Amino acid sequence: MRAASRFLIPAFVIVSIILVTGVVRAEDFKLQLTGATYTKWLWGTMRDDGSLYNFTTVPGEGWGDNGQGSELELMINQKISPKVAIYARIHSRFNQNEWTNGGGWGYFKSGTPDPGSCVGGNCGEFDPRSNQYVKLRGAAVTFTPGYKWLDVATIGANDWGMFDPNVVGRIRYIDRDNVNGLLFQGSAARRSFTWDFARISLFRNWMGPNYNTGKYTAADAAYVAQFKYTSSSLFDVGGLFSYLNDIEVDGTDHIWDNGRSIRTRFRNEAGGIKIGFHPSAMIDLRAAYYRSTASSNCHLGISAEAPCSFGLGGYSSALAGTHSGNAWKANVDLNDPFGVGLSFNLEGFSYGANYDSLLAARREADVLLTEGHDAAFYFPGPSNQSYGVFGFGAGARANYGGFDGTMMQVATVNVDNEFTDFIEPVAETVIGWKGWTLVPRYTIGALELAGEYTQLSYDTNWQAWGNETRAIDNTDYPSTELDTGVGHNFRTAYAPFQDKKTDLYLVKGKYIIDVGRGIDLFFKVKGINETDKRLNDPKFLPYAAGDCPGNGQDCKNVKNFYNTGFSTANVSYFGNPPVIEVNGVKGYQWKPWDSISDDDRDLSYYTYQLGAGYQLTNDLYGSLAYEYYSADLKDGNTAFQAYNLHEIASGKHSKNLAIAKFHYTLGGADVGFEYQYNWGTFEPDFGGGFIVQYADQGTAGNNGVKVGSRGFKGRYGGWNSLETRNIRQQRIQAYLKVVF
C-alpha cells in the first residue's frame with residue numbers, strides 16, 4: 001500500500017497539471033540557452049590603459065584608449081507551462097579585464113594589490129574589476145494567468161521601459177537587469193484600455209540623494225501606476241504617477257519590543273498626463289504635462305543622510321530641501337501638407353528648474369526633438385578631461401576627439417554617461433530648458449533634406465540661485481562642476497548666476513548616387529550661438545568698487561554685501577588675487593573681479609560634415625567622413641575663471657576629424673570598426689588684467705608644456721597655458737560580436 005501511494009501521489013499531481021494546463025508537447029518547454037560573446041579592441045595615441053572604456057567619472061574604475069578584452073553573456077529562457085515562464089541573464093564585465101591580464105592573474109609584482117590604485121587590471125584575482133568575474137545580472141518569472149483583469153505579471157528583473165522617460169525611464173543597458181521589482185499589466189475593452197502597475201526596488205547606488213539610498217535599503221521602493229485609453233484612431237489619452245519612498249530606521253525609537261519605527265529620508269512624486277489627437281495621416285497633435293515634488297529629510301552630521309544643502313559644486317542625483325516643479329511639451333507634426341514632399345515637426349517645451357523625477361531616464365532616451373549640442377566638445381573642453389589644469393592623469397577623459405555625433409536629451413540631473421566609448425551616444429540634462437524647435441524635412445527622389453532651428457531660454461536664469469536670503473554656498477541645487485567650456489556641461493543644470501540664451505540651427509541631407517551598389521552621400525552644417533551674462537547685478541560683485549587699486553598694490557578685501565551678512569566674497573571661488581612679481585614686474589595673479597562683464601560667456605560655434613558610404617561587398621559596408629569644428633569662445637576672463645578646473649576652454653578652437661567606419665557581417669558574427677584621426681589648434685583667450693607667468697621645470701613636466709612657456713596659475717593652483725596648442729591624436733574602436 002505504501003509503495004502504491006508513492007506511485008499514485010505523483011501520478012495524481014501530473015494528471016492534475018495536465019487537466020489544468022491542457023495537453024502540451026515536451027518540446028514546447030525546452031530550456032532555451034542563448035547568448036553572445038563580445039570582444040573589443042581599443043587603440044589610441046594617448047596610451048591610456050586603465051580600463052576598457054574611454055570615459056568614466058567613477059573613482060577607481062579607470063579609463064583607457066588601449067587594450068583588448070572579451071565578455072560573455074548568457075540568457076536562459078524556460079517556458080514551464082503555457083502560463084509560467086522564467087528568464088535569467090548571466091554576464092561578465094569588461095572594465096579592466098584585458099587580454100594582457102592573464103585571466104585575472106596579473107597583479108602588482110609585490111603580490112599585494114592596492115585597491116586605491118587598481119588600474120589596467122593590476123588588482124588580479126582579488127578584485128571584481130580585474131578578476132573576470134561572471135555574475136547573475138537578472139532573473140524574472142512571468143505569469144500569463146488568463147484572467148480578464150490581468151494579462152501579464154512579471155516578478156524580478158526588468159528594464160522598466162514600458163513607462164514614460166520623463167517620469168520612469170528605461171534602465172541603461174549596463175544596469176538593465178540590476179533593478180528588480182513587481183510588474184502587473186492588464187487591459188480591458190478589447191485592449192482599448194491598458195494599465196501597468198509596478199513596485200520597483202530602489203537601486204541603492206543612485207536612486208536617492210547623493211547617489212545613494214541611505215543605510216537602510218531593503219524596503220526602499222518606488223510605486224508606479226500607468227494607464228492609456230485609445231477611444232479610436234483619432235484620440236488617445238494616458239497618464240502615470242510614481243511615488244518613490246526612501247526610508248531609514250528612526251534613531252529616536254529606543255523601544256524595540258514592538259518593532260522599530262521608520263522615517264522618511266527622501267520622497268519623490270512625479271506624474272503626468274498625455275493626450276494625442278490624430279485627425280488624419282497629414283496632421284498629428286500631441287501634448288504632455290508633468291509635475292513633480294521632491295522632499296529631502298536631512299539630518300545634520302549623520303552619515304549617508306540626504307543633503308541639507310550644497311556648496312559650489314554639490315554632487316547629487318536629486319535636489320536638497322522640498323521642491324515642486326512642472327514640465328510640459330507639445331508637438332505638431334504636418335506630414336507633406338502641400339503634397340510636394342515637404343513635412344514639418346514643431347515642438348514647444350519647458351522643463352522647470354525644480355522638476356525632479358529621480359527615476360526618469362538617465363540615457364537611452366531622447367525626450368526632445370532638437371539635436372542639442374554636439375558630443376565632440378563633450379566634457380566640457382575639447383580635451384574632454386576633468387581637472388586637467390592640475391596635470392596628467394588628473395581626471396577622466398575621452399580624448400581630444402570627444403564623442404561621435406550629437407547628444408540625446410534626458411529629463412533628469414542624474415545623467416549617466418559612465419563606462420562609454422567614443423562611438424556611443426552621450427546624454428545631457430534638459431532640466432531648466434524652455435523653448436521651441438522647428439524641423440522641416442524634404443524628400444524628392446533619392447534626396448533627403450532636413451533642417452532645424454531651436455531657440456532656448458532657461459528657467460535657471462537667476463541670480464544667487466534665485467534666493468538672495470541665503471549664502472551663495474548654501475543652496476538646494478547640486479551644481480557638480482561649474483566649469484563649462486565649449487560644450488554643454490552634462491553634469492549639471494544649475495549655476496549660481498545665469499542669464500543665458502541659445503540659438504541652434506542646422507541643415508543636413510543624404511543623397512544616393514545610382515552607381516554600382518549605390519553611393520550614399522551625406523552632409524551637415526550646424527551653428528550654435530550662445531550667450532550667458534551670468535552675474536548681471538553689481539550688488540553681487542564680491543568686493544567694493546576700487547578694492548584692488550592696481551599698480552602692484554594689494555587688494556583691500558572690502559566685501560560687497562548683496563544682503564545682510566551675505567557676500568559672494570565669503571567663498572574662495574570669488575576670492576581676490578594675490579600680488580605676484582614676475583621678471584621684476586608686480587601685478588595680480590589673476591584679474592580682480594570688479595565688473596559684471598568679467599564673467600560673460602559668448603560662444604560662436606560651427607560644424608561641417610561631409611561623407612560617403614558604399615556597400616563594398618554583400619557583407620561589408622564602409623564609409624569615410626570629414627568633420628570640421630570652429631568654436632570661438634569667450635568664457636569670462638581670469639577674474640571669474642569659468643575654466644577653473646578644465647583645460648582648453650576659453651579661446652579659438654579649430655578641430656578636424658577624419659573618420660573611417662566599416663561594418664562586416666558573416667553568419668552570426670558582427671564586426672564593427674572605426675578609425676579617427678583628430679587634429680586642430682587652440683588659441684587661448686583668457687582676457688587680461690593679470691601678470692603672465694612662465695612654466696618652470698616642475699610645471700612643464702606635470703602639464704606637458706615647454707619650460708619657459710607662457711601661462712598663469714589660477715585660484716586652485718592649476719596651470720593655464722597661454723600658448724597656441726597644436727593637437728594630433730588617433731584612435732580606434734573595433735568589436736566582434738557573435739550571437740548564439
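How do the residues lining the second largest pocket divide into nonpolar, polar and charged, and how many are there of each? In this predicted model, the lining holds six nonpolar, twelve polar and six charged residues. The pocket has a volume of about 490 Å³. Of its 24 lining residues, those nearest the centre are Glu647, Asn703, Gly704, Arg725 and Ile727. Strand 29, which covers residues 725-739, contributes the most to this lining, with five residues.

From the pocket we turn to strand pairing. Strands of a sheet pair through backbone hydrogen bonds, and the pairing is either parallel or antiparallel. Strand 17 (residues 447-458) and strand 18 (residues 500-513) run antiparallel and are joined by ten bridges. Strand 18 is also joined to strand 19 (residues 519-532), again in antiparallel fashion, by 14 bridges. Leucine 506 of strand 18 can serve as a reference point across these strands: glutamate 452 stands opposite leucine 506, and leucine 506 in turn stands opposite lysine 526 in strand 19. Strands 18 and 19 form a hairpin with five residues between them. In the turn of this hairpin, glycine 516 has a positive phi of about 60 degrees.

A further group of strands forms an open sheet, with three strands in the order 26-27-28 and antiparallel pairing. Strand 26 (693-694) and strand 28 (719-721) are the edges; each has a single partner strand, so one side of each has no neighbour in the sheet. Strand 26 is joined to strand 27 (residues 710-713) by two bridges. One residue pairing here is that of tyrosine 694 with arginine 710, its bridge partner in strand 27.

The next topic is aromatic contacts. A pair of aromatic rings is described by the distance of the centres and the angle of the planes. The structure holds 34 aromatic pairs. One of them is formed by tryptophan 465 and tyrosine 477, which are stacked at 6.4 Å centre to centre with 15 degrees between the planes. Both residues lie in the loop between strand 17 and strand 18, twelve residues apart. Tryptophan 465 and tyrosine 477 are both buried.

Why does the pair of tyrosine 608 and tyrosine 628 count as stacked? The ring centres are 6.2 Å apart and the planes of tyrosine 608 and tyrosine 628 are at 25 degrees, so the pair is stacked, since planes under 30 degrees apart meet that description. Tyrosine 608 belongs to strand 22 (residues 601-615) and tyrosine 628 to strand 23 (residues 620-635), and 20 residues separate them along the chain. Tyrosine 608 is partly exposed, with a relative accessible area of 37%. Tyrosine 628, at 25% relative accessibility, also counts as partly exposed.

Aromatic residues also gather in a cluster. Phe497, Phe540, Tyr562, Phe566, Tyr573, Phe574, Trp593 and Phe640 form one aromatic cluster.

Finally, some rings carry a charge over them. Which ring does the charged end of lysine 655 sit over? The ring is that of tyrosine 629, and the charged end of lysine 655 is 5.9 Å from its centre. With arginine 731, the ring is that of phenylalanine 422: the charged end of the arginine sits over this ring, 4.0 Å from its centre.

How values were computed. Residues numbered from 1 in each chain as written. Predicted model: local features only at pLDDT ≥ 70, side-chain atom pairs only at ≥ 80, totals over all residues. Heavy atoms only, no water. 1 Å grid on protein atoms, 1.4 Å probe; cavity = no way out; pocket = protein on both sides within 12 Å on 5 of 7 lines; lining within 4 Å. Points joined across faces, edges and corners; volume = space filled by probe spheres on them. Helix = DSSP H or I, 4+ residues; strand = E, 2+ residues; numbered from the N terminus. Nonpolar A, V, L, I, M, F, W, Y, C, P; charged D, E, K, R; others polar. Pairing = 2+ DSSP bridges. Phe/Tyr/Trp six-rings, centres within 6.5 Å; stacked < 30°, edge-to-face > 60°. Buried < 20%, exposed > 50% of the residue type's maximum accessible area, 1.4 Å probe, protein only. Lys NZ or Arg CZ within 6 Å of the ring centre and 35° of its normal.
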